[in-house]
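Let's take a walk through a protein model together. Have the sequence and the 3D view open, and find each spot as we get to it.

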Amino acid sequence: MLTRLSSPTHEELYRVEDHDSGLRGFIALHSTRLGPAAGGLRMRMYDGDDAAVQDVLNLSRGMSYKNAAAGLPLGGGKAVIMGNPETEKTPDLLRAMGRAIDSLAGRYWTAEDMGMSPGDMAEIARETDFVAGREQGAHASGDPSPVTARGVFDAMQAGAMQLWGKAGLKGRSVAVQGLGHVGWHLCLLLHEAGAQLLVADSDPARVASTLKEFGAAQVDTQDIHAAKADIFAPCAIGAVLNSGSIPNIRASMVCGAANNQLATPDDADALHARGILYLPDYVANGGGIINVAAEILRIAERESWVTDRLAAMQVNMAQILKRAAAENVSPARIADRMVENQLLAQAV
Ligand code: NAI
């Protein structure tokens with residue numbers, strides 16, 4: 001059921017198949033240098049095996065960076081299931097994935113990602129202990145989104161300190177793209193801090209509730225990146241920072257929850273060249289994995305542990321921004337370098 005494939009860049013890569021349930025997918029362990037590889041399980045339609053392999057390789061590498069940047073004793077891994085989560089996800093399929101994960105004997109820990117819910121994690125947990133993001137159980141961590149939003153909010157404050165000499169966001173305007181689990185909580189924190197909100201979401205109901213709750217102003221989804229605001233917060237999809245969008249950004253800072261905001265690494269340099277402070281996404285959005293890590297690591301005092309880790313993440317972000325300013329490069333370049341040094345230092 002698990003077939004090992006070769007990878008020049010990752011420690012382990014597997015094809016996962018189960019004919020009875022129709023399961024087809026892949027699991028990738030990019031690095032276990034800092035600890036067991038941790039990262040979510042994604043279910044979506046792919047244009048063939050190559051696209052799914054590319055996704056799992058990219059995502060698991062990204063998890064190595066995110067976990068290292070958050071100071072967690074965890075490596076980077078990811079799993080994908082090929083298929084439509086609305087119509088093809090069954091308990092049998094999830095349990096087959098659970099057995100595949102179990103056979104890796106704790107070298108890979110899974111949790112929710114796109115197309116997965118806490119209920120699905122509970123199904124997987126019938127076959128393996130190496131699953132987090134559950135709603136029930138001794139160390140269950142539940143929905144990570146509020147903690148992710150808190151981390152993004154803290155990161156914005158570090159950015160504000162760097163740009164404007166004070167961390168407070170009162171009176172600052174923030175253009176929030178995506179008002180889902182994280183975006184909504186971020187709006188709540190920003191509203192409480194006295195920021196003005198400009199918002200966009202492809203779901204009109206989410207926009208309507210944000211306008212009502214927080215007195216936000218609506219912006220067209222096509223134009224939110226170019227809104228006249230102090231901060232642009234991408235909290236929806238990836239690759240929103242690209243050669244088409246960057247010339248139109250009017251904000252002085254970009255800081256949001258979305259994964260893989262840069263279309264290419266060079267886009268970080270393009271933002272820097274325009275004088276826009278880009279806060280590396282995998283550092284800013286590390287709150288979610290910190291929340292999940294408390295479950296993986298079986299932390300007893302989870303609230304204080306998570307709070308301490310978030311504080312350390314904010315300090316880390318501030319250091320990245322300072323170094324970037326001193327070297328006159330994008331903070332993304334500094335963050336990558338810091339993580340790569342950290343991983344190299346652990347090399348055996
Ligand atoms: P979600 O699915 O709850 O919310 C996404 C929102 O974006 C939805 O309201 C959707 O309608 C909207 N949207 C989709 N395409 C859009 C577009 N083109 N323009 C405007 N709005 C659009 O997702 P969630 O959990 O809030 O995550 C948001 C982002 O943050 C994702 O990229 C996710 O990978 C990332 N992230 C989430 C974490 C978490 O704890 N939930 C942790 C780390 C990263």
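We'll start with a sheet and then visit two loops. Keep in mind that what you're looking at is a predicted model.

First, the sheet. It's an open one, built from six strands, and the pairing is parallel. If you go across it from one side to the other, you meet the strands in the order 10-9-8-11-12-13. At the edges sit strand 10 (217–218) and strand 13 (277–278), and each of these pairs on one side only.

Now zoom in on one pair inside that sheet. Strand 8 covers residues 173–177 and strand 9 covers residues 196–200; the two run parallel and are joined by five bridges. Want one to look for? Find Ser173, then look across to strand 9, where its bridge partner is Gln196.

Next, off to the loops. Most residues other than glycine have a negative phi. With that in mind, look at Arg298: its phi is near 55°, a positive value, and this residue isn't a glycine. You'll find Arg298 in the loop that links helix 9 (287–296) with helix 10 (302–327). Is Arg298 buried or exposed? Its relative accessible area is 37%, so it counts as partly exposed.

Follow the chain past helix 10 and you reach Asn328, in the loop before helix 11 (331–345). Asn328 isn't a glycine either, and its phi is positive too, near 55°. How accessible is Asn328? Its relative accessibility is 56%, and because anything over 50% counts as exposed, Asn328 is an exposed residue.

Note on methods. Residues numbered from 1 in each chain as written. Predicted model: local features only at pLDDT ≥ 70, side-chain atom pairs only at ≥ 80, totals over all residues. Heavy atoms only, no water. Helix = DSSP H or I, 4+ residues; strand = E, 2+ residues; numbered from the N terminus. Buried < 20%, exposed > 50% of the residue type's maximum accessible area, 1.4 Å probe, protein only. Pairing = 2+ DSSP bridges.
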